[in-house]
Amino acid sequence: MLKFLGLVSVTLVLGDHVWAKREFAMPSEANIAKAKAILDKTPIIDGHNDFIMGTRSLIQNDFTNFDFNSDLTQVEPWASYVYNHVDLPRIRDGRLGGQFWSSYVSCRSAHKDAVQLFMEQNDAIKRLVALNSDHMEFVTTAAGVEAAMANGKVASMIGVESGHAINSNLGILRMLYEVGTRYMTLTHTCNTPWADAAQAESGSQPVRSDGLSPFGVEVILEMNRLGMFVDVSHVSSAVMSDALDVSRAPIIFSHSSARAVNNVVRNVPDSILERMPDNGGVVMVNFYSCFIKDDCDATLDDVVDHVNHVRNVAGVDHVGIGSDFCGIDEVPLGLEDVSKYPILFAALLESDVEWTDEDLGKLANGNLLRAMKEMETVRDSLSGEAPHQGWISSEDFEPDETSCMSEMN
């Protein structure tokens, strides 16, 4: 790595062949110091971190002798782990004040043991926070987030990544809420029987509901009633549009970038960004290099382009940060882990778009907190509404999806 005149350059060499060169302009020390001062006052709330996916695969969620308050870049098995992007020292360096920890298991569990496995991940999140209670606090409300951050703790929340967690059952959705889940991503890389994944646009999944099915609408309405964010990262643009049509509360994209900047189906089209002000929701920009740039060869500057595009189209009140750290194997040069958030904010200060201190505070946490308070206001207004109790129609399932369901056979 070379650094001169504020330019960082990395050249990757294989044998005699130079196969990739990346460079970006490192922000000035003055603007890095300014960004840190802003984030000391308004710490980052990140919409998506997959650290608990790693604890499952590496240590089977057994935290005996695990020290989150250590430098995990120096501790095996983490040091050799491609998704090693977070620990408490790096959280402090990055001014991370709040985190939706992702509860995730793969689509292989759908229609089988997904409910159990997601509950195991929820349990692991809560145990991790409890074991680090001097530094972290489990919260479920916007007021709780603000109080935890005021006390210098990482406000820790659960985001369930994919609707296959509920096995197409609203009772399970309610139970997820009871254990502290405050957003659910409607799909992952596979369709649910009631919502299409982004892959339905690329052709790797069939178009099934062409958006939300009638039961999918019931899921949205029940999430609104409960006070749980509807997360439309990972879904098709038809589902994004249907969710905006149906939801009575702000929705979020917990980890998605701008499709106009990089045309991949996991990113958000401008037609959806333009609707965010009317809904009040937030698009939290993802750092995965292959979503940021078409050749996956992204740098800090490319992420700045996505943040600025979301801001320009959706508005400064509707953009946030959803890094996807610990779930991505390609990170932009300059944004290698959670310690680098201040570098991004300094780069925004130097970009072609004017960012005030107030604007950066909105990006860091203000927009998400405002949307969460609005969601809670909607929840309170619906306190007299009965739970949505309908069961999904058996006709909505494919034949191979019911083989493990005792009441479907």
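In the predicted model, strands E5 and E7 pair in the parallel sense, over 6 bridges. One contact in this pairing involves Phe100, whose bridge partner in E7 is Met157. Strand E6 (residues 136-138) also runs parallel to E7, and 3 bridges join the two. Here Glu137 stands opposite Ala155 of E7.

Strand E7 itself spans residues 154-161 and is mostly covered, with 8 of its 8 residues buried. In a regular strand, side chains alternate between the two faces of the sheet. Both faces of E7 are covered. On one side, Val154, Ser156, Ile158 and Val160 are all buried. On the other side, the buried residues are Ala155, Met157, Gly159 and Glu161. Met157, the bridge partner of Phe100, and Ala155, opposite Glu137, thus both belong to this second set.

Aromatic contacts were examined next. The count comes to 16 aromatic pairs. In one of them, the ring centres of Phe100 and Tyr183 lie 4.8 Å apart, and the planes meet at 50 degrees, so the pair is tilted. A tilted pair has planes that are neither under 30 degrees apart nor over 60. This pair links distant parts of the chain. Phe100 sits in strand E5 (residues 96-103) and Tyr183 in strand E8 (residues 181-185), 83 residues apart. Both residues are buried. Phe100 therefore takes part in the tilted pair with Tyr183 and also has a bridge partner in E7.

Further aromatic residues group together. Phe51, Phe63, Phe66, Phe68, Trp78, Tyr81, Tyr83 and Trp101 form one aromatic cluster.

Arginine side chains also meet aromatic rings. Arg182 lies over the face of Tyr177, at 3.7 Å from the ring centre. Arg311 is placed over the face of Trp355, with a distance of 4.6 Å from the ring centre.

The largest pocket was then considered. About 330 Å³ of space lies within the largest pocket. Its lining comprises 13 residues. Nearest the pocket centre are Asn169, Trp391, Met405, Glu407 and Met408. By class, the lining divides into 7 nonpolar, 5 polar and 1 charged residues.

Note on methods:
Residues numbered from 1 in each chain as written. Predicted model: local features only at pLDDT ≥ 70, side-chain atom pairs only at ≥ 80, totals over all residues. Heavy atoms only, no water. 1 Å grid on protein atoms, 1.4 Å probe; cavity = no way out; pocket = protein on both sides within 12 Å on 5 of 7 lines; lining within 4 Å. Points joined across faces, edges and corners; volume = space filled by probe spheres on them. Nonpolar A, V, L, I, M, F, W, Y, C, P; charged D, E, K, R; others polar. Phe/Tyr/Trp six-rings, centres within 6.5 Å; stacked < 30°, edge-to-face > 60°. Helix = DSSP H or I, 4+ residues; strand = E, 2+ residues; numbered from the N terminus. Buried < 20%, exposed > 50% of the residue type's maximum accessible area, 1.4 Å probe, protein only. Lys NZ or Arg CZ within 6 Å of the ring centre and 35° of its normal. Pairing = 2+ DSSP bridges.
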